Amino acid sequence: VTSPDGKSLVFCAVGHLWRKSLPKGKPARLTKGTDFEFEPAFSPDGKEIVFVTWNDQNTGTISKVPAKGGAAVKVSTAKGIYRTPSYSADGSMITYRRENGNGDQGYAFTKSPGIYMMNADGRDSKLVCEEGEYPSFNANGDRIYYQTGGTYFGNLTKKLKSVNLNGDDERTLLSSKYANRLVPSPDDKWVAFSLLHKVYLAPIPATGQTVEIDNNT
């Protein structure tokens, strides 16, 4: 992931998070922890990075670390398998996914999977909806986007949906056969999507109805 100012990159390699200056900086580890670290996301001001961890004994967390590196702080309060955290545009909230169990990470502490949101400091976590992956806030912070249909080995058709912060008023914005990922832009105006191993950019028309999208539309 690229920092909001476009000057640095944070990525996962060999189980940990690293940061490098663009374009040719030398990578340096962000934390000194021993747990596996994945799926980083910058805060809107670029000062913090939220990410998920995994430890076979203690299970997973959502944690934060200063963007310049340092000691990580756990913000999640319950054990579980956490995925793809993302900040709201004002930095006050984080949305994320809790997964059900699997054969690699086990099935303990995996009740009530789905998309959640919480305050950025970890308070007031609540379930928003039970379906979907890759949650992110819209520009106003009053709705959450998510994708259904999985990715490569999911359903043939993927959909980009949104709900309000109570999980109500579900809307299907886009539907795409053969797409793998549908990623809305922070200003709600565009979608980047990967389809048959190529990446496309398209506007999100505000029609009030589901729009079918592919490489020819």
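How do the residues lining the largest pocket divide into nonpolar, polar and charged? In this predicted model, the count comes to 21 nonpolar, ten polar and two charged.

**View 1. Here is the largest pocket, holding about 1,000 Å³ of space.** Its lining takes in 33 residues. If you want to find the middle, look for Ala 41, Ser 86, Ser 136, Val 183 and Pro 186, which lie nearest the centre of this pocket.

**View 2. These strands help line the largest pocket.** At least two lining residues come from each of β4 (36–42), β8 (82–87), β12 (133–137), β13 (143–148) and β16 (179–184).

**View 3. Now we move to the second largest pocket, with a volume of about 330 Å³.** This one is lined by 15 residues, and Arg 171, Leu 173, Ile 204, Pro 205 and Ala 206 sit closest to its centre. Two or more lining residues come from β13 and also from β15 (171–177). The top contributor is β15, which gives three residues. Sorted by class, the lining of the second largest pocket has seven polar, five nonpolar and three charged residues.

**View 4. Leu 156, Tyr 178 and Leu 196 make a nonpolar patch on the surface.** The patch covers about 320 Å². To spot Tyr 178, follow the loop between β15 and β16. Why does Tyr 178 count as partly exposed? Its relative accessibility is 43%, and that label applies because the value falls between the 20% cut-off for buried and the 50% cut-off for exposed.

Notes. Residues numbered from 1 in each chain as written. Predicted model: local features only at pLDDT ≥ 70, side-chain atom pairs only at ≥ 80, totals over all residues. Heavy atoms only, no water. 1 Å grid on protein atoms, 1.4 Å probe; cavity = no way out; pocket = protein on both sides within 12 Å on 5 of 7 lines; lining within 4 Å. Points joined across faces, edges and corners; volume = space filled by probe spheres on them. Helix = DSSP H or I, 4+ residues; strand = E, 2+ residues; numbered from the N terminus. Nonpolar A, V, L, I, M, F, W, Y, C, P; charged D, E, K, R; others polar. Patch = residues over 30% accessible without salt bridge, like charges linked within 9 Å, V, L, I, M, F, W, Y side chains within 5 Å. Areas by Shrake-Rupley, 256 points an atom, 1.4 Å probe, with all protein chains shown as cover. Salt bridge = Lys/Arg side-chain N within 4 Å of Asp/Glu carboxyl O. Buried < 20%, exposed > 50% of the residue type's maximum accessible area, 1.4 Å probe, protein only.
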